[in-house]
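Reader: I would be grateful for a close look at one part of this model, with attention to how charged side chains pair. Please set out the reasoning as well as the result.

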Amino acid sequence: MQNLPIPKLLLKMSPPVMLTLLIVSVYNVVDSYFVAQYSQTGLAALSLVYPLQLLLTAFSTGTGTGVNILISRLDGTGQKDRIHDVVRTALILGVFCGLVYLCAAFAGMGTYFAMNTRQADVAQAGILYFRLVSSFAPVLFLEAVCTKMLQAKGNMVLPMAGQVCGALSNIILDPILIFGLWGVPALGITGAAIATVVGQSISMVIVFGGVIHHFSLKKGQFSFWLCGQILKESVAPILSQALGALYVVGLNLVLKSFSEDAVTVLGIYYKIQTFFFIPLMGLQQVILPIVSFNYGAGQYKRIQETLNWSLGISCVLMSLGTLIFLFFPEQLVGIFSHEPSILAIGPTAFRTISLNFIPAGITLMLSVYFQGINRSNDCILAMVLRQVVLLVPLAWLFHFFGLEAVWLTFPVTEGIVAIVCLILYHRNRTILVSRYLPAAVLS
């Protein structure tokens with residue numbers, strides 16, 4: 001973290017994370033693909049479940065990210081003895097937060113589906129799927145916390161192994177349980193849910209074993225104060241993803257005023273766009289501990305170098321993703337559906353939305369940079385601007401001009417947020433350089 005050249009450090013740490021995210025994205029797409037082959041009702045239900053799964057991921061990975069930041073920063077400042085307390089506290093906190101989410105999900109899912117669809121069979125399928133998935137929320141929270149602990153210490157391989165094993169298990173079980181192969185009864189969307197929770201459980205067991213091996217749980221003490229510190233560092237990543245789930249709900253309500261096929265198209269888009277954001281999400285997970293460690297160690301030149309490389313890689317990869325969405329939208333939509341009504345909407349939506357890729361990439365890199373240098377408030381500001389102030393209100397405004405105008409919400413929003421993030425970045429850089437680096441650096 002402290003001495004290896006930044007390009008080599010990124011090259012060493014990034015591939016395992018990116019491979020992990022690729023496998024996870026494959027299983028998400030495969031899950032939806034098999035459900036779509038079983039029934040279009042199931043595909044519509046999964047599109048509605050998507051925001052709820054985003055919320056589950058937001059709270060679990062957000063909590064884990066808070067642990068990651070705290071451990072990396074303590075490492076950088078040399079306070080290694082306190083890491084044992086963080087580990088024990090985080091494990092207990094993770095399970096508790098999972099139980100809280102489980103209770104909230106069971107209490108609110110009926111109302112949610114009643115608001116978002118008039119089709120009783122779609123609502124029933126969605127409730128059936130999410131009831132089972134949310135029952136295993138404590139498992140997912142524990143897996144996320146353990147994964148981030150290992151990544152904070154630079155161990156990217158074991159979390160990769162856990163995710164890969166879990167995702168492959170899911171992929172193998174999907175067709176068996178959904179269609180009823182080899183004597184197993186056909187369970188449809190329930191089978192997809194079972195495959196999902198089995199895969200998550202396998203991932204959790206693997207990374208939890210790694211935590212037991214790398215950390216001495218006997219040395220740590222549970223601390224309510226550390227719970228507060230973890231949650232404090234978790235606010236920005238949780239808000240980032242949780243608000244993402246809420247804005248998808250809002251967009252679904254706007255799109256439903258045109259047709260439920262428009263809602264399905266947005267769900268298909270989110271499944272596919274994940275593939276193109278994999279390198280960025282991987283970079284986020286890698287640069288967060290690097291920036292946090294070097295911030296604690298006072299190595300501000302290395303922080304800047306890390307950000308420069310990340311922004312450069314992000315812009316190149318997002319340019320490639322934009323071109324693919326612009327020139328091959330029909331093929332992308334056709335992976336999931338050949339319904340004429342969806343094929344009529346999808347290509348235009350994909351071409352328009354893809355214009356947000358490059359500014360979104362800039363925002364993602366700068367947001368994690370803000371978290372690493374202890375400027376979570378700037379990250380929160382950017383996320384609130386994007387997901388509360390702009391996305392849904394703009395979608396509602398644009399819907400008066402037709403469905404095609406609604407898709408413009410994405411590039412317009414991301415462009416504005418990227419500009420704001422760049423302004424915040426230059427302000428923070430000026431403060432850091434003037435406060436901690438020699439004056440010669442300013443020239």
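**The salt bridges and their surroundings**

Author: In this predicted model, Arg375 has a relative accessible area of 32% and is therefore partly exposed. The side chain of Arg375 meets that of Asp378 in a salt bridge, with 3.4 Å from N to O. Asp378 has a relative accessibility of 5%, which lies under the 20% cut-off, so Asp378 counts as buried.

Asp378 also forms a salt bridge with Arg427, and here the closest N and O atoms are 3.0 Å apart. Because Arg427 belongs to helix α16 (residues 409–436) and Asp378 to helix α14 (residues 376–398), this pair ties together parts that are 49 residues apart in sequence. Arg427 counts as partly exposed, at 39% relative accessibility. Arg375, Asp378 and Arg427 are thus linked in a network of salt bridges. The general principle is that side chains of opposite charge can pair when their charged atoms come close.

The structure holds 4 salt bridges. Among them is the one between Glu330 and Arg351, whose closest N and O atoms are 3.2 Å apart. Glu330 lies in helix α11 (residues 329–334) and Arg351 in helix α12 (residues 340–353), so the pair ties together parts that are 21 residues apart in sequence. Glu330, at 39% relative accessibility, counts as partly exposed. Arg351 is likewise partly exposed, at 32% relative accessibility.

The helix that carries Arg351 merits a description of its own. The 14 residues of α12 should span 20 Å at 1.5 Å a residue, and the end C-alpha atoms are 20 Å apart, so the expected span and the distance in the model agree. Along α12 there is nevertheless a kink of about 30° at Gly346, shortly before the proline Pro347. Both Gly346 and Pro347 are among the buried residues of α12. The others in that buried set are Ile342, Ile345, Ala349, Phe350, Thr352 and Ile353. In general, an α-helix has 3.6 residues a turn, so residues three or four places apart point the same way.

Taken together, the pairs described here involve two settings. In one, the buried Asp378 is joined to Arg375 and to Arg427. In the other, Glu330 pairs with Arg351, and that pair ties together helices α11 and α12.

Note on methods: Residues are numbered from 1 along each chain as its sequence is written. This is a predicted model: local features need pLDDT of at least 70, side-chain atom pairs count only at pLDDT 80 or more; totals for chains, interfaces and linings use all residues. Side-chain values use heavy atoms; hydrogens and water are left out. Helices (H or I, at least four residues) and strands (E, at least two) are DSSP runs, numbered from the N terminus. Buried means under 20% relative accessible area, exposed over 50%, partly exposed in between (1.4 Å probe, protein chains only). The expected span of a helix is 1.5 Å times one less than its number of residues. The bend at a residue is the angle between axes fitted to the seven residues ending there and the seven starting there.
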